[in-house]
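Here are some notes to read alongside the model, written for someone opening it fresh. Have the viewer ready and click along as you go.

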Amino acid sequence: MYASISQWVACLVLWQCMTIAGTLGYHRVFSHGHWKDCPAWARSFFVLFGSLGFIGPAIPFAAVHHEHHRYTDTDKDPHSAQFKGHFWTYVTPQLAPFSLKYLVGDGKKHFRKLIKDPILGFQERYYWFIVLGWIVLLLLTTGDLYSIIWGLLAPAGLLKLFSNLLFGYSHRGGKPHNDFWLGLLTAGEGFHKEHHDRPWEVRNHKWDISGKIIQIFSK
Ligand SMILES: [Zn+2]
Ligand SMILES: [Zn+2]
């Protein structure tokens, strides 16, 4: 069984949609609020493809990410490869526990705003129904059981393969690094040191595609 050209293309396009959902949506918009007044259609896109990429619901992701910035590369950092091991941070970063007590100041305000977002609330409640609905849609439109592979599992696997490197590899040696190739493969996330140095900055690099998209749409 070999995949056709159109199935390869669909797989790569879906991988890019999931990458944009993770980098631009979950990270820049939901965790940092870089796109003020981000419209419902864009938030729905991020929630859909973030769910299909098995990133988990966006609210706990954003809360964990706040801890990651607050406690970068210390024993309280939920994503610290140094303290939790590279295997754990690569394989299960989405399962990182978070503690509400770490949300202080602006973090707390931002988190309250996220909880009030009905699109994020829908995702919290119906996360697995979104995934199941996608599987049903794939089967109904293609009539092919293998569509679950090229239309869901393979693109989600590519997302894990590259984007999960940010949790451990990008913090190798106990500090954040910039990696140009990873920046290209993760829609701008690989310029990780830049982001840690100036997390408020919308665009981290000339090749930070997500930052560029936010700049275009939020004008
Ligand atoms: Zn980091
Ligand atoms: Zn961040």
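1. Let's begin with F129, which you'll find in helix α7. F129 counts as exposed, because it has 12 other C-beta atoms within 10 Å and 12 or fewer is the cut-off for that label. Try drawing a line from F129 to S51: the two sit 78 residues apart along the chain, and their C-alpha atoms are separated by 9.7 Å.

2. Before going further, a word on trust. This is a predicted model, so the confidence scores deserve a look. The chain averages a pLDDT of 93, and 100% of the residues score at least 70. Where is confidence lowest, and where is it highest? The low end is helix α5 (residues 86-91), at a mean of 87, while the high end is α2, at 98. As a rule of reading, predicted coordinates should not be taken in detail where pLDDT is low.

3. Now for the core. The largest nonpolar core has 34 residues, and M18, Y26 and A58 are the ones that touch the most other members. Helices that each supply at least two residues of this core are α1, α2 (40-52), α3 (58-70), α7 (118-142), α8 (147-163) and α11. The largest share comes from α1, with ten residues. That fits a general habit: in soluble globular proteins, nonpolar side chains tend to be buried together.

4. A58 is worth a click of its own, as one of the core members with the most contacts to other members. Setting aside neighbours within four places in sequence, A58 is in contact with Y26, F30, V47, G50, L120 and Q123. Notice that Y26 turns up here too, being another of those three well-connected core residues.

5. Next, two residues of α1. A21 is found in this helix, and so is L14. Is A21 buried or exposed? A21 is buried, because it has 27 other C-beta atoms within 10 Å and the label needs 20 or more. Leaving out neighbours within four places in sequence, A21 is in contact with Y26, F45, F46, F49, G50 and G53. For contrast in sequence and space, check A21 against G105: they are 84 residues apart along the chain, with 26 Å between their C-alpha atoms.

6. L14 is buried as well, since 22 other C-beta atoms lie within 10 Å of its own. Not counting residues up to four places away in sequence, L14 touches G151 and P155. L14 and L159 are 145 residues apart in sequence, yet their C-alpha atoms are 9.6 Å apart in space.

7. Staying with long sequence separations, have a look at K160, whose place is in helix α8. K160 and T19 are 141 residues apart in sequence and 9.4 Å apart in space, C-alpha to C-alpha. K160 is partly exposed, because the count of other C-beta atoms within 10 Å is 18.

8. On to a helix pair. Two packed helices are described by the angle between their axes and the distance between the axes. For helix α1 (residues 5-31) and helix α11 (residues 209-217), the axes come within 10 Å and cross at roughly 65 degrees. The crossing of α1 past α11 is right-handed. On the α1 side the meeting residues are I20, T23, L24 and R28, and on the α11 side they are S210, I213 and I214. By type, the residues of this contact divide into four nonpolar, two polar and one charged.

9. Which residues of α11 are buried? They are I209, S210, G211, I213 and I214. What covers them includes α1, so keep both helices in view when you look at this spot.

10. Last, two backbone oddities. Most residues other than glycine have a negative phi. F54 is not a glycine, yet has a positive phi of about 55 degrees, and A187 likewise has a positive phi of about 55 degrees without being a glycine. Where do they sit? F54 lies in the loop between α2 and α3, and A187 is in the loop between α9 (180-185) and α10 (192-197). F54 counts as partly exposed, because it has 16 C-beta neighbours inside 10 Å, whereas A187 is buried, with 26 other C-beta atoms within 10 Å.

How values were computed:
Residues numbered from 1 in each chain as written. Chains lettered and ligands numbered in written order. Predicted model: local features only at pLDDT ≥ 70, side-chain atom pairs only at ≥ 80, totals over all residues. Axes fitted to C-alpha atoms, helices over the stretch in contact; angles between N-to-C directions. Helix = DSSP H or I, 4+ residues; strand = E, 2+ residues; numbered from the N terminus. Left-handed = near helix turned anticlockwise from the far one by under 90°. Contact = placed C-beta atoms within 7 Å. Nonpolar A, V, L, I, M, F, W, Y, C, P; charged D, E, K, R; others polar. Core = buried A, V, L, I, M, F, W, Y, C linked by C-beta atoms within 7 Å. pLDDT = per-residue confidence, 0-100.
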